[in-house]
Structure formats: structure tokens, C-alpha cells
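This report describes a ligand site and a nonpolar core. Please look at the sequence and the model first.

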Amino acid sequence: MEVDNEALLEMTWRSPSNIALVKYWGKHGRQLPSNPSISFTLSRAFTETTVLFTPRRDSATPIVKSFLFEGKTNQAFARRIETFLQQITDKLPFLQQLQLDISSVNSFPHSAGIASSASAMSALALCLVEGRQRLKGDSFDLEDTINEVSEFARLGSGSASRSVVAPIGIWGAHPDIPGSSDRYAISFPFELHSSFDNWKDSILLVSDEVKAVSSSAGHQLMKNHPFARTRFKQARANIRRITVAMQQGDIGAFGTIVEEEALTLHGLMMNSRPSFMLLLPETVRIIQSLRRWRRQADVPVYFTLDAGPNVHLLYPSTHADRVLQWMEKELPEYLQSDKIVRDEVGMGPVKV
Ligand code: DP6
């Protein structure tokens, strides 16, 4: 390297969020999951991250030279990324010679309460692996490096491992899923029944308050949880059932598992020590209304939840008109653009 501070390389990746169908809740060791999980990779909720790599002469200075989130310096994010990068220098030693200017934007409002660590950490992992390849003078092919990218994303945030594969990601070793691993996510290795093509995820933004419990703190709650063993066993059984349902086109079985998983996640939070109750009365109102209408109208629309009060409505796009009619009648306030993210299952990250 001839000149100090000369930019070596710059790149941008766009990576989507994902919504878990069978939830990851509980981890051990170096970000290894206590049970396998499966998710739909989304499309419109994404993070776009640009990384500028320049030489670093002094190893005492931080790897993160600057971090801009939505155009503004963000020290809290910079510290989190710095910790993450320092932790992975054993696996990516090229980082020891570099400093990074990182800037990141989300397609969805930060205050929307949508988990952004999955899209953010997967976008960063893509930049890191492509950066390493290109700085070595090698070409970069996402298909060849996908397991490694997913592994780095996982080390940043567990659920991020699933965002790099599409349209369905499975993370965590399971005896019935060939190729599955605790280290990285793989895409659904079976033939997906056509009734699972083109699904929507309408995210109803019930609250934009900061979560009372971070995911990392939440996973710790499973360490001494009285139901931990039973839960991990249930998740493995649900992975088996849902992957069969998705091959056979059994939408009813799929929906039953998805809703059971959402409520189990919240049940586990409610009955852990300390206890957390993240459902709001409004969350319950939406769920009750959905279940009532579904019984009458016989439309395959199911809810799921993250570790927060927002409701994800999952349904085949062929039923979008019916879902809209129900929302117009029962939930008209969510048709305003700041109360809903109209997402759908997508095809994974793209290089910008
Ligand atoms: C409820 O991946 O955000 O969304 O690994 O600590 O970063 P860390 O946690 P995170 O946990 C996600 C939990 C969940 C369920 C899921 O996405 O599977």
C-alpha cells in the first residue's frame, strides 16, 4: 500500500430482514442456537450498507473509523459494530490492517420496531466477505461463499444468518434437514409446494416504542428457564412438521405451527425470570379479530410476532384482496402508510 488513507475499495450491499416461522429463542457458546429455526426472507424491509476500506497503520485505533446511520453519526451502533469486528479478527485477519467507514440506511423507519439487526448484520457480512476476496485479488461469487457469509452474519446477530438465503432460510442442525448446520443457514433444501409461492407479510406497526428487552437479553432468559428443554424439543418437532407441510402444501398445518410458535415465544417471555410482557392490548385485539374473521371467511391468513407487539400477517398473494377487505372493515387505521409495512417473501440480498 503506497499512500496512507487512500481508499482501497468501496462496496454496497442491500440485504433484507426476515420473519421467523419457527423461532430462534435461546443460544449458547459463540452465537450457536439452542434450536433450529426457519424463516421467510423478506423483500421490502432491508438495510443498505456501504463500506469503504482504507489501510490502517496503527493497530491501536478502532477498526470502525466512522459509522453513519441514515446519514448521521451513530456512536452506539459504531461501538456494537466495533465489538463485532474485533471478535471476528481471528476469522477475518485482513481486518487488522484496515479501517472501515460504514454507512447504513434502512428502507423502513427505525422507530417502526422492526428488528433491523438481521438486515444490518447480513448486509455488513456481505461487504466483509466480498471485501476480503477482492482485496486478495480474488473474484467474489455469493454462491461459493454463501455459508461463510451466513456464518459471519450469525456472529453479528443470530437471525441475520437466515437473511442471506432465500426465499426460506433454515438455521440450526436438524436430523431431517440435509445440510443443516448450527454455524450457518441454508435455503429450504426440498421442493416447495406451489401453494407457498408468492406469500405476503403485512407488518402492522402497533407500537414504535423501544423494546423492553433486547433480543440478546431475551435469549439469556432461556438459560435457566423451567421449560427450556421442552421448548427446544417442541421447536425441533415444529421444524419437522412445518417443512413437511411446506412440501405437501398443507397451509392449515403451516398456519397452526406459525401461530403456536409466536405465542410460545411470548409465553416463554412472560413466564421467565424476570418476566416480560411485550404483547399490547392492541396486539391481542388484532389476533382475536383475525381468528374470528378467518373462521367465517375461510381465508388462509395467519399471524406471527417478533419479540415485540407488532403483528405480521402472512398470506398467499392470491388472497390479498380478501385480507384488504377485512382490514378496511376491522383495522382501517393500519392502512395508513406509517402504520404498515407491505412486505412479501423475497429473493435475498443484492449487490448495489
Ligand atoms: C424473536 O437474532 O435478534 O426474532 O442473536 O442476540 O442478535 P441475537 O438475537 P436476534 O434474535 C431474534 C429472535 C426472534 C426470533 C427469530 O428471529 O428467530
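The text below covers the ligand and its shell, then the core.

This is a predicted model, in which local features need pLDDT of at least 70, side-chain atom pairs count only at pLDDT 80 or more, and totals for chains, interfaces and linings use all residues. Residues are numbered from 1 along each chain as its sequence is written, and side-chain values use heavy atoms, with hydrogens and water left out.

**Ligand**

The ligand is surrounded by 17 residues (near: a heavy atom within 4 Å). Tyr24, Lys27, Ser157, Gly158 and Ser159 come nearest. By type, the shell holds five nonpolar, eight polar and four charged residues, with Gly counted as polar. Helix α5 (residues 215–220) gives the largest share, three residues; helices are DSSP runs of H or I with at least four residues, and strands are runs of E with at least two. Because domain 1 (9–191) and domain 2 (198–344) both give residues to the shell, the ligand lies between them. The domain bounds come from an automatic or database assignment.

The table lists side-chain polar contacts to ligand oxygen atoms (N or O pairs within 3.5 Å).

| Residue | Distance to a ligand oxygen |
|---|---|
| Tyr24 | 2.6 Å |
| Arg162 | 2.8 Å |
| Asp306 | 3.4 Å |

The protein covers 95% of the 460 Å² of accessible area that the ligand has on its own (Shrake-Rupley method, 1.4 Å probe).

**Nonpolar core**

The largest nonpolar core has 40 residues, which are buried (under 20% relative accessible area) and joined through side-chain atoms within 4.5 Å. Leu85, Ile88, Leu95, Leu100 and Leu128 touch the most other members. Elements giving two or more residues include β1 (9–22), β4 (37–55) and α3 (142–156). The most, eight residues, come from α2.

Conventions. Polar contact = N/O pair within 3.5 Å; in protein donor to acceptor, adjacent residues only side chain to side chain. Buried < 20%, exposed > 50% of the residue type's maximum accessible area, 1.4 Å probe, protein only.
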